Structures are given as structure tokens and as C-alpha cells.
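Open the model in your viewer and keep the selection box handy. Each stop gives you something to pick and says what is there.

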Amino acid sequence: MSLGQARRVALAAQGFADPMPTGVPTLRHLRRVLDRVGLIQMDSVNVLQRAHYLPLYSRLGPYPTGLLDRAAYQPPRELFEYWGHEASLVPVDLHPALRWRMAAARDEAWGGMRRIAQEQPQLVAWVRDEVRDRGPLTAAEIEHDAPRQTGNWGWNWSEVKRALEFLFWAGEVAAASRTNSFARRYDLPERVLPPAVVGAPTPAPADAYRRLVSIAARSLGVAAEPELRDYFRLPVAAARVAVAELVEAGELRPVAVQGWRAPAYLHAEARVPRWIRASTLVSPFDPLIWERARTERLFDLSYRIEIYVPAPQRVYGYYVLPFLQGERFTARVDLKADRKAGVLLVPAAWLEPGADPADTAVALAAELRRLAGWLNLSAVAPPVAGDLAGPLAAALASTIGVR
């Protein structure tokens with residue numbers, strides 16, 4: 001495959017070749033995107049918009065975020081929270097395929113969670129009983145009545161929070177909803193998940209790995225083995241076996257992609273569109289760019305999120321979104337929503353090598369106005385820094401309004 005073909009395969013697999021809704025997006029459109037991407041990563045950073053809302057925006061344009069909330073937190077639920085890629089919203093029918101991870105919680109959960117289960121099983125049992133008897137509950141509501149705590153760990157998580165997170169990893173509690181401050185409300189899985197999902201048989205681990213690799217392959221279109229494994233963070237050896245079995249079954253085809261050193265695999269349902277008409281910003285947590293090495297090979301985009309980099313050492317900014325124009329990334333822009341002032345702030349805008357500054361600025365200005373409208377912000381501020389700041393400021397000034 002040529003590199004251009006691989007790019008278009010990847011973008012089509014992720015839903016960027018699908019037509020935008022002509023009216024207000026509906027649950028049908030949301031399901032189409034979920035079918036493309038397989039799962040949606042969550043993150044607590046809210047400098048612009050919660051991370052799990054942005055992949056749908058990138059593929060559907062402005063949509064009512066209540067659609068996703070409804071699918072995740074109202075019966076009949078179509079999504080549930082669990083460790084998929086990272087913390088993720090996952091289709092409920094994948095619950096059985098992730099039970100191997102739940103069963104391995106005592107060995108694979110993060111250190112603080114494992115320690116609480118090993119060293120204070122009585123506290124874990126007490127927390128489980130509290131959720132059973134009083135749920136749904138937040139960690140803070142349980143902590144209020146908790147036995148005396150013995151210390152803190154990690155991000156100042158209390159003993160109760162660690163116990164809850166262990167139970168969550170083990171599948172013994174589930175996220176019933178989220179508060180306005182993004183805190184989970186926990187409840188028993190049988191009170192959160194559809195009965196058919198709770199009662200579904202648990203597949204053998206090998207079958208579960210194969211299903212998850214299959215979903216990853218379909219969502220990626222074309223990928224190397226490490227990227228197929230990374231999509232659901234699968235064990236190395238098990239993922240390699242699953243890839244080999246899917247090749248033997250004809251679901252995956254080994255292919256050589258121009259410029260790629262590693263062998264690649266093309267999903268049997270992958271299509272190669274003649275062109276991609278995308279013009280949209282992409283979240284740092286979008287599955288299209290999860291695997292940074294693949295992003296660089298496909299798009300010649302060297303992208304790193306700099307949230308955790310000290311400010312003086314940042315190259316592009318705090319919360320930087322790449323701008324997808326056609327089948328290439330032509331710019332990246334640091335953004336912040338000033339909700340109190342009703343303004344979309346643009347601390348910096350940068351042009352990608354080879355992109356036309358005038359054309360990119362016009363397209364990016366239109367996208368920023370669209371994004372601001374979706375976020376209920378009334379204006380887009382001129383960019384402050386970056387080599388695209390001048391052309392983008394001119395393009396923003398040439399059009400009145402943000403919608």
C-alpha cells in the first residue's frame with residue numbers, strides 16, 4: 001500500500017469519510033461513530049471540553065452532548081465505564097470480553113489498589129457492602145462514614161477511594177453516573193448494566209483477546225501488531241496469537257505500507273476512499289492518534305501532549321489539538337475555553353510543514369468558530385503566539401460571528 005492509501009484507510013476506518021449529519025445529530029449517528037471507534041477514552045482535564053465528548057464532535061460536528069450522557073448513564077445503557085484503552089466508555093456488549101481483566105485485578109491493578117486489597121480486605125468488603133446497601137454513592141459519601149483511614153496514596157486518594165477503584169477494576173462495582181464535578185457514583189454492576197449483559201457467558205480469554213484485536217483492527221483499518229495490541233492494552237503474547245489467528249481466518253491481511261519498517265495488517269472490511277473531506281480539530285485523546293508512532297508514520301505528525309510538561313519547556317502549548325484538513329494535519333492549535341467571559345482563547349497556533357498558511361488559516365478559522373458555537377462561547381480570541389498566529393488572526397477578523 002502507498003502511504004496515501006494507508007492514510008485514507010485509517011481515516012475511513014475511524015469514521016472521517018462518513019458524511020456529516022445534515023441536521024441535529026441523533027442517537028443513530030452516535031452509534032455509527034461508536035461502531036467505528038470501538039471505545040472512547042475519558043480524561044478529567046476540562047480546559048476546553050471533557051475528552052470523551054470531543055471524538056464525536058470531530059466526526060459529527062456540533063452535537064448535543066446529552067446524547068453521549070444518555071448512552072452512558074441512562075437505561076437502557078449502551079456504554080459503560082471501564083479500563084479499555086485507558087479509562088474509557090466501552091459498548092456494554094464488550095463487558096464479557098473484558099472480564100479477564102476484571103478477574104486479574106489482584107495481579108494487574110495499580111500498586112495502591114493491589115495493596116489495599118491485600119492489606120485491608122476488611123475495608124474493601126465494608127466498601128462493597130456500603131455500595132450494595134446504599135448505592136449509588138460517590139467516594140466522598142462513603143468516606144464520610146468510613147472507619148479510621150491509615151494514609152494516602154497517589155493523587156491523595158483516600159483508603160476508601162483506593163478500595164473503590166480496586167472494586168471497579170475487579171468489576172464488582174460500576175459507574176452509575178457522574179456528578180457535575182466529574183466524580184463517579186458507584187453502584188453494583190447488576191443495577192447498572194442491562195440484565196442481558198450481566199447474564200451473558202464469559203468467553204475464554206483467548207476468545208476475548210481475539211474479539212478485542214478484531215475490533216481494534218476494524219477501527220484502525222491498517223496497523224502494525226503493537227498498535228492492534230495497544231488499542232485495548234492487551235497482553236503481548238496473547239495479542240500476537242490473536243493476530244495470527246485472525247490472519248489465518250482471513251479477517252486480517254498482511255500488507256507492506258510504504259515507509260513502514262514493521263509488518264502491517266489490513267482489515268478485511270477496510271476501504272480506500274479516493275479522498276477525505278475532513279476539516280476538523282482532533283482531541284489529544286482521539287483514537288486516531290492514540291499511538292503516537294503510528295501517527296508519525298501515517299501523517300508525518302510528531303505529536304506529544306504537553307499538559308504535564310513544565311510551562312517553560314512546552315513547545316506548542318498546554319492543550320494542543322491537531323487540525324485535520326483533508327487527509328493531512330495542517331496545523332495545531334493551543335485552546336482554552338474561558339467560560340466566564342464566553343470566549344474561546346487561542347494561546348498559540350502553529351502551521352505544519354508543507355501546509356499553505358493562507359488556506360489553512362481560513363479553514364482553521366471556520367473550524368474555531370464552529371467549535372466556539374458548540375461550546376456556547378460567543379467569540380474567538382485572536383491567537384497570541386505561533387507561526388500561524390498572523391494569518392489565523394486575519395482570517396478570524398474577516399468573518400463576523402462564531403457559529
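Start with proline 136. In this predicted model, proline 136 sits in the loop that links helix 8 (121-134) with helix 9 (139-143). Show the backbone from glycine 135 to proline 136: that peptide bond is cis, with omega near 5°.

Next, select proline 75 and proline 76. The peptide bond joining them is also cis, and here omega is near -5°. Proline 76 belongs to the loop between helix 4 (66-73) and strand 2 (79-83).

Now go to arginine 233. Its phi is positive, about 50°, although the residue is not a glycine. Look for arginine 233 in the loop between helix 14 (225-230) and helix 15 (236-248). Why stop at such places? Because most residues other than glycine have a negative phi, and most peptide bonds are trans.

Zoom out and colour by domain. Domain 1 takes 3-95 + 201-267, domain 2 takes 109-193, and domain 3 takes 304-399. Hide domain 2 for the next stops. Taken over C-alpha atoms, the centres of domain 1 and domain 3 lie 26 Å apart.

Select the contact residues of this pair. You should get 19 residues from domain 1 and 19 residues from domain 3. About 1700 Å² is buried between the two domains, with 63% of that area coming from carbon and sulfur atoms. On the domain 1 side, pick Val47, Leu48 and Tyr57. These residues supply 43% of the area that domain 1 buries against domain 3, more than any other three residues.

Which charged side chains should you pick next? Choose arginine 8 and glutamate 327, whose side chains meet in a salt bridge at 3.3 Å, N to O. Between domain 1 and domain 3 the count is two salt bridges. For polar contacts, the count between these domains is nine residue pairs, both residues at pLDDT 80 or more.

Which elements give two or more residues to the side of domain 1 that touches domain 3? They are helix 1 (3-13) and helix 3 (54-60). Helix 1 gives the most, with four residues. Colour this side by residue class: 11 are nonpolar, five polar and three charged.

Last stop: colour by pLDDT. The protein has a mean of 94, and 96% of its residues reach 70 or more. Then select residues 149-156. There pLDDT stays under 50, and the model has 18 contacts for this stretch beyond four places in sequence.

Notes: Residues numbered from 1 in each chain as written. Heavy atoms only, no water. Domains from an automatic or database assignment. Contact = heavy atoms within 4.5 Å. Buried area = accessible area lost by both parts, 1.4 Å probe. Salt bridge = Lys/Arg side-chain N within 4 Å of Asp/Glu carboxyl O. Polar contact = N/O pair within 3.5 Å; in protein donor to acceptor, adjacent residues only side chain to side chain. Nonpolar A, V, L, I, M, F, W, Y, C, P; charged D, E, K, R; others polar. pLDDT = per-residue confidence, 0-100.
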